[in-house]
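I opened this notebook page to record what I looked up in the structure and in what order. The entries begin with one hairpin and work outward from there.

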Amino acid sequence: MKKFIISILLSAIFISLLPVSTMAASVPGKPSINSFTAVSTSSIKISWGAVSGATKYRVDRRKSTETNYKTLTTSCTSRTYTDKGLVAGSLYYYRVYAINSTGTSKRSETYAAYTKPNTPNEPVVNRDSQSQLTVTWSKVAGATHYKVLCRKGGEDDYKVVANNLTIND
């Protein structure tokens, strides 16, 4: 009976003497995307929160017209990624994974973001009467609505005169 107790005590001492580095690391938790910023007509910046135990991140993207995701990077060490070379006014879907030496996390929620649309061509303004103008412009690919701003001569600030307009083809 005494041999059994000593054996248990020796095993307990051996386990407690193991260095911390030999304990198995776990796969990191899934990231949470915090924000998207349409930086330009051709780029979107994605930001996410830190994940404990993650050493790098993987970012995937798919176009709204596609079904499969493309991995953009598997070695991002910051918590932001700027996706470049995109099409103006287009919709993209993103997801992020956390990675460490043990493996890859479950994916973040999927988020959608648009790039900025192109700027319309110079509008054509026709004076219909003393109190009425007609403003026309070319349709911008990817734009669904338009906002018209106007300012009086000599003033610095523009004022919105029409909002949420759709264009007639």
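**Entry 1, a first hairpin.** I am working from a predicted model, and I began with strand E3 (residues 56-63) and strand E4 (residues 70-76), which run antiparallel and are joined by four bridges. Looking for a specific pairing across these strands, I found Arg-61 standing opposite Lys-70 in E4. I then checked the connection and noted that E3 and E4 form a hairpin, with six residues between them.

**Entry 2, the whole chain.** I stepped back to place that hairpin in the overall layout, and the secondary structure of the protein chain comes to one helix and twelve strands. Reading along the sequence, I wrote the pattern down as α-β-β-β-β-β-β-β-β-β-β-β-β, with the helix ahead of the strands. Of the 169 residues in the protein chain, buried ones make up 24%. For the surface, I noted that the chain exposes about 12,000 Å², of which carbon and sulfur atoms supply 53%. I also looked up how far apart in sequence the contacting residues are: among contacts in the protein chain with a separation of 6 or more, residues 24 or more positions apart account for 50%.

**Entry 3, cysteines.** How many disulfides does the structure hold? I found zero. I looked up the accessibility of two cysteines as well: Cys-76 counts as buried because its relative accessibility is 8%, below the 20% cut-off, whereas Cys-150 is partly exposed, with a relative accessible area of 39%.

**Entry 4, aromatic rings.** I turned next to the aromatic side chains and counted four aromatic pairs in the structure. One of them is formed by Phe-36 and Tyr-94, a tilted pair at 5.6 Å centre to centre with 40° between the planes. Phe-36 lies in strand E1 (residues 33-38) and Tyr-94 in strand E6 (residues 91-100), so this pair ties together parts that are 58 residues apart in sequence. I compared the exposure of the two partners and found Phe-36 partly exposed, with a relative accessible area of 23%, while Tyr-94 counts as buried at 0% relative accessibility.

Which other ring does Phe-36 pair with? I found Tyr-111, in another tilted pair, with 6.0 Å from centre to centre and 50° between the planes. Because Phe-36 lies in strand E1 and Tyr-111 in strand E8 (residues 111-114), this pair ties together parts that are 75 residues apart in sequence. Tyr-111 is partly exposed, and I recorded its relative accessible area as 31%. Taken together, Phe-36, Tyr-94 and Tyr-111 form one aromatic cluster.

**Entry 5, charges over rings.** Staying with the tyrosines, I looked for arginines placed over their rings. The charged end of Arg-58 sits over the ring of Tyr-97, at 4.0 Å from its centre. I noted a further case in Arg-95, whose charged end sits over the ring of Tyr-69, 3.6 Å from the ring centre.

**Entry 6, a second hairpin.** I moved on to strand E9 (residues 124-129), which runs antiparallel to E10 and is joined to it by five bridges. E9 and E10 form a hairpin with two residues between them, and the bridge partner of Ser-129 in E10 is Gln-132. I picked out Asp-128, which lies in strand E9 and is partly exposed, with a relative accessible area of 42%. Once I left aside its neighbours within four places in sequence, Asp-128 was in contact with Leu-133 and Thr-134.

**Entry 7, a loop residue.** Is Ala-141 buried or exposed? I first located Ala-141 in the loop between strand E10 (132-136) and strand E11 (146-150), and then found that its relative accessibility of 57% makes it count as exposed, because the cut-off for that class is over 50%. Leaving aside its neighbours within four places in sequence, I found Ala-141 in contact with Ala-88 and Gly-89. I also looked up the spacing to Thr-119, which is 22 residues away from Ala-141 along the chain, and the C-alpha atoms of these two residues are separated by 9.7 Å.

Methods
Residues are numbered from 1 along each chain as its sequence is written. This is a predicted model: local features need pLDDT of at least 70, side-chain atom pairs count only at pLDDT 80 or more; totals for chains, interfaces and linings use all residues. Side-chain values use heavy atoms; hydrogens and water are left out. Buried means under 20% relative accessible area, exposed over 50%, partly exposed in between (1.4 Å probe, protein chains only). Contact means heavy atoms within 4.5 Å. Accessible areas come from the Shrake-Rupley method with a 1.4 Å probe; for residues, only the protein chains shown count as cover. A disulfide is a pair of cysteine sulfur atoms within 2.5 Å. Two strands pair if DSSP finds at least two bridges between them. Rings of Phe, Tyr and Trp (its six-membered ring) pair if their centres lie within 6.5 Å; planes under 30 degrees apart count as stacked, over 60 as edge-to-face and the rest as tilted. A charge sits over a ring if NZ of Lys or CZ of Arg is within 6 Å of the ring centre and within 35 degrees of the ring normal.
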